[in-house]
Amino acid sequence: MFGLMMDTPLSIVSLIEFGARYNGTVEIVSRTVEGPIHRYTYRDSFARIARLARALAGLGMREGDRVGTLAWNGHRHFELYYGVPGIGAVCHTINPRLFPEQIAFIVNHAEDRLLFSDLTFLPLLEKLAPALRKVEKFVLMTDRAHMPKTGLRDCLCYEELLEGTADTYPWPTLDERAAAGLCYTSGTTGNPKGVLYSHRSTVLHALGNNLRDSAGARAGEAVLPVVPMFHVNAWGIPFGAPIIGAKLVFPGPKYDPESLYELFHTEKVAFSAGVPTVWIALLEYMRKTGKRLPDLRTIGVGGSAMTQALCEAYEREFGIEVAHGWGMTETSPVGTHNTLLPREASLPWEERLRYKLAQGRGRFLVEIKIVDARGRRLPEDGVATGELCVRGPYVASAYYHDEEASRAAWDEEGWFHTGDVASIDVEGYVRIVDRIKDMIKSGGEWISSIELEGAAMSHAAVLEAAAFARPDKKWGERPVLAVRLRPGARASKEEIASFLAGRIAKWAIPEDIMFVEEFPYTATGKVAKRILRERAVAALSAAPAPAQAAQASRA
Ligand code: ADP
């Protein structure tokens with residue numbers, strides 16, 4: 001027997017429709033690529049989203065068609081987030097930090113028919129256009145006055161497209177399982193893999209973000225997603241904010257700490273989210289200038305592990321709450337978030353820290369477990385570690401048109417195998433040990449690169465650290481640590497090694513410590529360990545000394 005309730009399908013456009021109706025005067029503030037700050041309200045935005053939908057239909061976009069975007073966080077990108085799925089098409093966000101060949105690969109793989117782009121990426125498009133086989137038209141996200149001269153074929157102007165169209169749209173009723181968004185993982189191994197979100201998954205994820213205990217935005221507050229809209233939907237913030245009535249603040253192309261600080265300050269931002277690198281840079285900026293952010297209530301930190309040093313600095317030095325979270329492109333992306341249970345929240349700082357550093361507890365609608373190498377479930381006792389597996393209505397069930405990669409990542413019971421190693425304790429706190437491929441195996445002992453990095457970053461002179469494996473003839477692999485010192489700070493290799501000695505196991509003490517001025521980053525803002533490893537191996541083989549160097553370069 002079925003229940004007698006309406007089967008109203010969940011739809012993305014309903015989020016902004018609700019926002020325009022009930023939070024119509026709440027603002028969206030964007031730093032534009034053209035320069036000035038742009039302001040309008042949810043009501044204004046919804047009207048323009050309707051115009052955009054008409055323009056898309058006028059260009060022949062039909063249900064299921066893919067529309068690519070190469071854009072920063074800004075109001076026009078926000079309009080595409082809604083207008084494209086609103087007509088039943090698929091908004092394919094493209095990460096401009098990927099290598100050009102990867103961008104060409106994913107645009108062709110997705111078969112994007114239209115490509116919307118911020119002015120910043122015009123030179124890239126001019127170069128790539130001949131390789132983009134299915135793209136019929138390019139749309140530059142600017143107004144007529146800023147349209148550049150370009151040899152790019154079939155190039156349109158965003159504001160001209162919207163001119164003269166009506167600001168209402170007969171939004172179609174779509175199947176809630178219809179594809180709505182597409183995002184490719186950065187593909188550090190093999191080609192990027194597409195994750196195809198649906199209306200249903202996107203709405204459920206937005207509701208998950210908005211749960212009172214999820215550390216997200218709240219009504220009446222301003223929220224600034226530092227996490228880019230071109231990767232994993234800016235953690236779903238642009239979908240959750242309209243229904244809760246939070247002001248959205250978009251940083252546009254300016255990610256340097258000074259520009260971010262200025263927006264945080266002037267717009268009185270209360271909640272923000274980003275990868276640790278962003279928070280490290282902002283921290284250093286505030287320390288250097290003596291500036292503070294009294295309105296900033298909470299920062300969400302994820303994408304890479306948060307360290308003790310970062311957590312202590314924000315919470316104790318600046319009074320800003322830090323909420324750790326874990327997720328992946330495949331999990332929409334937020335899979336766990338960390339708001340402490342009352343018992344843990346009332347513990348003395350040193351004990352509380354242990355919980356704060358966890359990646360959080362599973363969220364409602366995200367089932368999690370850890371398994372051993374043969375797929376057998378492991379106890380959730382906070383001690384056993386195994387591969388983290390997830391399942392739920394906003395977790396991907398396969399990769400887009402990639403059977404081989406899908407077969408490798410999902411099991412017969414539908415669990416997605418994340419490639420991350422974790423423990424889960426009795427209260428459900430998940431602690432990520434490492435990515436499987438980043439763990440270092442030295443003489444039969446596993447070393448967690450995350451643990452080693454966290455310990456190194458507790459040293460007062462160390463700003464950022466990355467640990468990785470270097471091949472070693474005797475031990476198989478040995479850990480090497482790359483370190484970026486705080487500006488003006490000094491520390492020798494020996495000093496850092498002896499600082500680590502009391503904090504981590506003997507076999508985890510790095511074989512070598514390299515000082516770097518700047519870290520190389522991946523397209524998603526994580527330290528590119530592969531590049532560091534190549535440098536370390538090259539440095540070893542170039543070293544004048546001895547036998548060991550020769551061995552390692554042959555290994
Ligand atoms: P990419 O691999 O393209 O960077 P994702 O953004 O999907 O793609 O990254 C997901 C991965 O990031 C996770 O599998 C995990 O290894 C890592 N990660 C995310 N959040 C955390 C966290 N809080 N702590 C440790 N690792 C994290």
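These are my notebook entries on aromatic rings, and on the charges over them, in a model that is predicted.

**Entry 1, ring pairs.** I looked up how many aromatic pairs the model holds, and the count comes to 19. I then took F78 and Y82 as a case: their ring centres are 5.0 Å apart and their planes stand at 55°, so I entered the pair as tilted, since only angles over 60 degrees count as edge-to-face and those under 30 as stacked. Both residues belong to helix α3, which covers residues 75-86, and because they are 4 residues apart there, about one helical turn separates them. On accessibility, I noted F78 as buried and Y82 as buried too.

**Entry 2, a pair between loops.** I turned next to Y399 and W410, whose rings are edge-to-face, with 4.9 Å from centre to centre and 75° between the planes. Y399 sits in the loop between β18 (386-391) and α14 (403-409), while W410 sits in the loop between α14 and β19 (416-424), so this pair ties together parts 11 residues apart in sequence. I found Y399 buried, and W410 likewise.

**Entry 3, a cluster.** Returning to F78 and Y82, I asked which residues ring pairs link with them into a cluster. The other members are Y42, Y81, F239 and F250.

**Entry 4, charges over rings.** Lastly I looked up arginines lying over ring faces, and recorded R21 over the face of Y22, at 4.6 Å from the ring centre. I also recorded R97 over the face of Y255, where the distance to the ring centre is 5.8 Å.

Definitions and conventions. Residues are numbered from 1 along each chain as its sequence is written. This is a predicted model: local features need pLDDT of at least 70, side-chain atom pairs count only at pLDDT 80 or more; totals for chains, interfaces and linings use all residues. Side-chain values use heavy atoms; hydrogens and water are left out. Rings of Phe, Tyr and Trp (its six-membered ring) pair if their centres lie within 6.5 Å; planes under 30 degrees apart count as stacked, over 60 as edge-to-face and the rest as tilted. Buried means under 20% relative accessible area, exposed over 50%, partly exposed in between (1.4 Å probe, protein chains only). A charge sits over a ring if NZ of Lys or CZ of Arg is within 6 Å of the ring centre and within 35 degrees of the ring normal.
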